[in-house]
Amino acid sequence: MKAFVIVPILFACCVGVGLWARFHGWLRPGNGRRYDIRRVRPNPDSPLRGKTIFCLGSSVTAGMSSMGVSFTDCLSRADGCVIIREAVAASTMADLAPNSYLRRLKKHPAVRRPVDCFLCQLSTNDATFYSQLGRISDSFDPKDFDTKTTAGGIESVIAFAREAWDCPIVFFTGTKYDNPRYHKLVNLLLQMAEKWGITVIDLWHDPEMNRVSPDDYRLYMNDGVHPTKAGYLLWWTPALQRGLYRVFGE
């Protein structure tokens with residue numbers, strides 16, 4: 001094969017590998033060894049110890065930019081709880097694809113076993129992919145929810161989890177980043193919490209989370225959405241713990 005063909009191919013491969021590595025945070029300082037999961041110290045007095053938590057989410061829950069390690073691993077190690085992690089990257093609350101939150105939840109085998117808490121990530125993908133926002137229904141009957149919208153998808157997930165497990169239902173948001181569409185989703189979720197009586201761990205509006213310094217933010221986040229291992233270990237997990245401890249402390 002002639003050089004004028006080989007060189008462009010090699011260049012394209014290098015660019016592709018570079019972009020892949022950047023997206024997954026391979027070279028980020030926040031994914032260094034000092035932030036490995038073994039650094040997590042167990043809390044023998046955690047109110048989560050021995051609990052089973054079903055966690056539904058997308059790439060943030062999967063640890064897409066942190067070598068596959070996320071807050072779920074930190075919680076499991078620190079708090080002695082069993083985490084059932086159901087996470088698929090690029091999935092949405094709106095039921096628009098086979099990997100949507102609702103479809104994965106309905107077919108998961110864990111619906112046939114006891115669960116102490118249902119923990120759900122408010123997906124950023126609904127904002128990224130411009131899912132229709134929809135509105136909060138006046139009904140509690142799943143047949144009345146428009147699951148093709150984000151609002152209807154969220155309500156359907158809540159209703160299904162409540163019926164399946166009758167346990168505390170907790171949602172958490174992402175931290176603040178430059179996306180007004182996701183901000184609208186956060187506010188929608190807060191309104192929905194009043195209707196359904198669920199708990200929202202609101203990282204977006206959390207004053208303590210928003211006081212992070214620019215240097216720490218660069219360490220903690222691979223991009224506006226995905227934390228690094230340091231971000232989960234030092235920033236997100238403590239906030240999620242505080243919220244979950246309040247749920248079980250009550």
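In this predicted model, Gln121 of strand β3 stands opposite Phe172 in β4. The two strands run parallel and are joined by 4 bridges. Strand β4 covers residues 169–172 and has the highest mean pLDDT among the elements of the chain, at 99. On another strand, β1 (residues 52–57), Phe54 stands opposite Phe118 of β3. Strands β1 and β3 also run parallel, again with 4 bridges between them.

Strand β3 spans residues 117–121, and 5 of its 5 residues are buried, so the strand is largely enclosed by the rest of the structure. Its side chains point two ways. Cys117, Leu119 and Gln121 point one way, whereas Phe118 and Cys120 point the other way. Residues on both faces of β3 are buried.

These strands belong to an open sheet of 5 strands, in the order β2-β1-β3-β4-β5. The pairing is parallel. Strands β2 (82–87) and β5 (199–201) stand at the edges. Each edge strand has a single partner, so one of its sides is left without a neighbour in the sheet. From one strand to the next, the twist averages 20°. Strand β2 is joined to β1 by 6 bridges, and this pair runs parallel. Within the pair, Thr52 has Val82 of β2 as its bridge partner.

Helices pack on the sheet. Helix α6 (residues 150–165) touches β1, β3 and β4, and its direction makes about 145° with that of β4. Helix α9 (residues 229–249) touches β3, β4 and β5. The direction of α9 makes about 160° with that of β5.

Two loop residues were examined individually. Gly63 lies in the loop between α2 (59–62) and α3 (71–79). Its relative accessible area is 1%, so Gly63 counts as buried. Leaving aside residues up to four places away in sequence, Gly63 touches Gly68, Val69, Ser70 and Tyr232. Gly63 and Thr228 are 165 residues apart in sequence, yet their C-alpha atoms are 7.9 Å apart in space.

Asn179 lies in the loop between β4 and α7 (180–196). Asn179 is buried because its relative accessibility is 9%, below the cut-off of 20%. With residues up to four places away in sequence again left out, Asn179 touches Ala127 and Trp204.

The interior was also searched for empty space. The structure holds 1 cavity of 30 Å³ or more. The volume of the largest cavity is about 40 Å³. Gln121 is one of the residues that line the largest cavity. The rest of the lining consists of Val60, Leu122, Thr124, Thr173, Gly174, Tyr182, Val225 and Trp236. Gln121 thus appears in several settings: it is buried in β3, stands opposite Phe172 and lines the largest cavity.

Confidence varies along the chain. The mean pLDDT of the protein chain is 92, and 89% of its residues reach 70 or more. Helix α1 (residues 3–23) has the lowest mean pLDDT among the elements, at 41. Over residues 5–23 the pLDDT is below 50. Beyond near neighbours in sequence, this stretch has 10 contacts in the model.

Terms used
Residues are numbered from 1 along each chain as its sequence is written. This is a predicted model: local features need pLDDT of at least 70, side-chain atom pairs count only at pLDDT 80 or more; totals for chains, interfaces and linings use all residues. Side-chain values use heavy atoms; hydrogens and water are left out. pLDDT is the predictor's confidence in each residue, from 0 to 100. Contact means heavy atoms within 4.5 Å. Buried means under 20% relative accessible area, exposed over 50%, partly exposed in between (1.4 Å probe, protein chains only). Two strands pair if DSSP finds at least two bridges between them. Axes are lines fitted to C-alpha atoms, for helices over the stretch in contact, and angles run from 0 to 180 degrees between N-to-C directions. On a 1 Å grid over the protein atoms alone, a cavity is a set of points where a 1.4 Å probe fits but cannot get out, and a pocket is an open set with protein on both sides within 12 Å along at least five of seven lines; lining residues have an atom within 4 Å of a point. Grid points are joined across faces, edges and corners, and a volume is the space filled by probe spheres set on the points.
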